[in-house]
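The following exercises are to be worked through with the model open beside the text. Each task is followed by a stepwise solution.

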Amino acid sequence: MKITFLGTGTSQGIPIIGSDHPVCLSDNTKDKRLRVSVLVEWDNYSIVVDCGPDFRQQMLNAKVSRIDGIIFTHEHADHTMGLDDIRPFFFKQGDIPIYAHKRVLKALRKRFDYIFKTENKYPGAPNVIQKRIKNKPFSIGDLEVVPVKGRHNALQVFGFRFRNFAYLTDMKTLKDKEVDKLRNLDVLVVNALREKPHPSHFNLEEALDFINEVKPKLAYLTHISHHLGFHDSVQQNLPENVFLAYDNLEINI
Ligand SMILES: [Zn+2]
Ligand SMILES: [Zn+2]
């Protein structure tokens with residue numbers, strides 16, 4: 001299985017438009033972060049987790065020529081607003097499966113009403129196949145996907161486990177029985193926004209505590225704000241099995 005970090009930034013991305021914060025002005029490419037998403041590839045399959053406003057650029061950067069579906073963590077704009085840009089895949093492949101909680105599907109139907117229209121649909125609009133997911137394992141091809149439920153302040157969000165890899169973002173709290181789904185991981189990805197606490201995201205300390213609890217072999221941090229600091233200096237102070245993810249990073253599992 002190959003994982004590509006398509007984006008590792010928090011909702012505004014880094015740099016933030018118009019910002020003169022030193023991290024936003026950094027020349028280091030690792031300090032440039034598109035909105036969070038990962039590409040998961042195995043056998044001949046490729047799926048994307050979330051489809052934010054940078055989706056088009058991310059598909060170009062990673063040279064993705066087909067996708068077998070999009071899995072959504074939750075409905076926030078930084079995770080969904082690129083849905084229109086599935087059009088090149090739809091024109092080539094036909095209807096694109098989207099996997100999401102029923103509340104997230106409802107939000108997408110409202111926001112992208114023209115995509116879900118069944119009558120008098122504009123010919124250039126893409127078609128999707130809605131796949132409702134609950135908090136129980138489902139399959140894409142021969143790959144089992146295990147949802148992991150958490151809370152993002154009051155909002156329910158799903159993380160996902162694929163074999164010995166798990167991807168969690170926008171998490172603030174998880175119940176013990178959900179954490180139990182994350183045993184024996186080779187790689188855990190988890191959100192770490194900044195040092196200061198935040199009502200709906202793990203800060204760095206909470207993310208490191210969570211990693212200590214789950215005990216994956218390796219962990220990567222994502223959904224990063226410019227307030228966390230420069231990539232290279234933050235990395236220096238992390239435990240030896242914990243890494244800041246950065247855009248276009250690829251890992252093989
Ligand atoms: Zn987010
Ligand atoms: Zn969110």
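**Exercise 1. Classify the site of the zinc ion (ligand 2) in this predicted model from the angles among its four donor atoms.**

Solution. The angles among the four donor atoms of the zinc ion (ligand 2) run from 89 to 173 degrees. A tetrahedral assignment requires all angles to lie between 85 and 135 degrees, and the upper value for this ion is 173 degrees. The site is classed as irregular. The model is predicted, and the angles are computed from it.

**Exercise 2. Identify the residues that coordinate the zinc ion (ligand 2), and locate them along the chain.**

Step 1. The donors are His74 (NE2), His76 (ND1), His152 (NE2) and Asp170 (OD), at 2.2 to 2.4 Å.

Step 2. Their spacing in sequence is H-x1-H-x75-H-x17-D.

Step 3. His74 lies in the loop between strand 4 and helix 2 (77-80), and Asp170 in the loop between strand 10 and helix 6; this pair links parts of the chain 96 residues apart. Both His74 and Asp170 are buried.

**Exercise 3. Determine which residue coordinates both zinc ions, and describe the site of the zinc ion (ligand 1).**

Step 1. Asp170 coordinates both the zinc ion (ligand 1) and the zinc ion (ligand 2), which are 3.4 Å apart.

Step 2. For the zinc ion (ligand 1), the donors are Asp78 (OD), His79 (NE2), Asp170 (OD) and His223 (NE2), at 2.1 to 2.3 Å.

Step 3. The angles among these four donor atoms span 93 to 164 degrees, and the site is irregular.

Step 4. The donor residues of the zinc ion (ligand 1) follow the spacing D-H-x90-D-x52-H. Asp170 is in the loop between strand 10 (165-167) and helix 6 (176-179), while His223 is in the loop between strand 12 (218-222) and helix 8 (231-236), so this pair ties together parts 53 residues apart in sequence. Asp170 and His223 are both buried.

**Exercise 4. Establish the strand order of the open sheet of seven strands, and examine its pairing.**

Step 1. The order is 7-8-9-10-11-12-13, and the pairing is mixed.

Step 2. Strand 7 (138-140) and strand 13 (242-244) are at the edges; each has a single partner strand, so one side of each lacks a neighbour in the sheet.

Step 3. From one strand to the next, the twist averages 25 degrees.

Step 4. Strand 8 (residues 143-152) pairs with strand 9 (residues 155-162) in the antiparallel sense over eight bridges. Val146 has Arg161, in strand 9, as its bridge partner.

Step 5. Helix 7 (residues 204-214) lies across strand 11 (187-191), strand 12 and strand 13, and runs at about 155 degrees to strand 11.

**Exercise 5. Examine the backbone at Pro15, Lys63 and Asn248.**

Step 1. Most residues other than glycine have a negative phi, and most peptide bonds are trans.

Step 2. The peptide bond between Ile14 and Pro15 is cis, with omega about 0 degrees. Pro15 is placed in the loop between strand 1 (2-7) and strand 2 (37-42).

Step 3. Lys63, which is not a glycine, has a positive phi of about 50 degrees. Lys63 is located in the loop between helix 1 (55-61) and strand 4 (70-71), and is exposed, with a relative accessible area of 72%.

Step 4. Asn248 also has a positive phi, near 75 degrees. Asn248 belongs to the loop between strand 13 and strand 14 (250-252); with a relative accessible area of 46%, Asn248 is partly exposed.

Note on methods
Residues numbered from 1 in each chain as written. Chains lettered and ligands numbered in written order. Predicted model: local features only at pLDDT ≥ 70, side-chain atom pairs only at ≥ 80, totals over all residues. Heavy atoms only, no water. Donors = N, O, S within 2.8 Å, 3.2 Å for Na, K, Ca; no water. Tetrahedral: all angles 85-135°; square planar, octahedral: opposite > 155°, others 65-115°. Helix = DSSP H or I, 4+ residues; strand = E, 2+ residues; numbered from the N terminus. Buried < 20%, exposed > 50% of the residue type's maximum accessible area, 1.4 Å probe, protein only. Pairing = 2+ DSSP bridges. Axes fitted to C-alpha atoms, helices over the stretch in contact; angles between N-to-C directions. Contact = heavy atoms within 4.5 Å.
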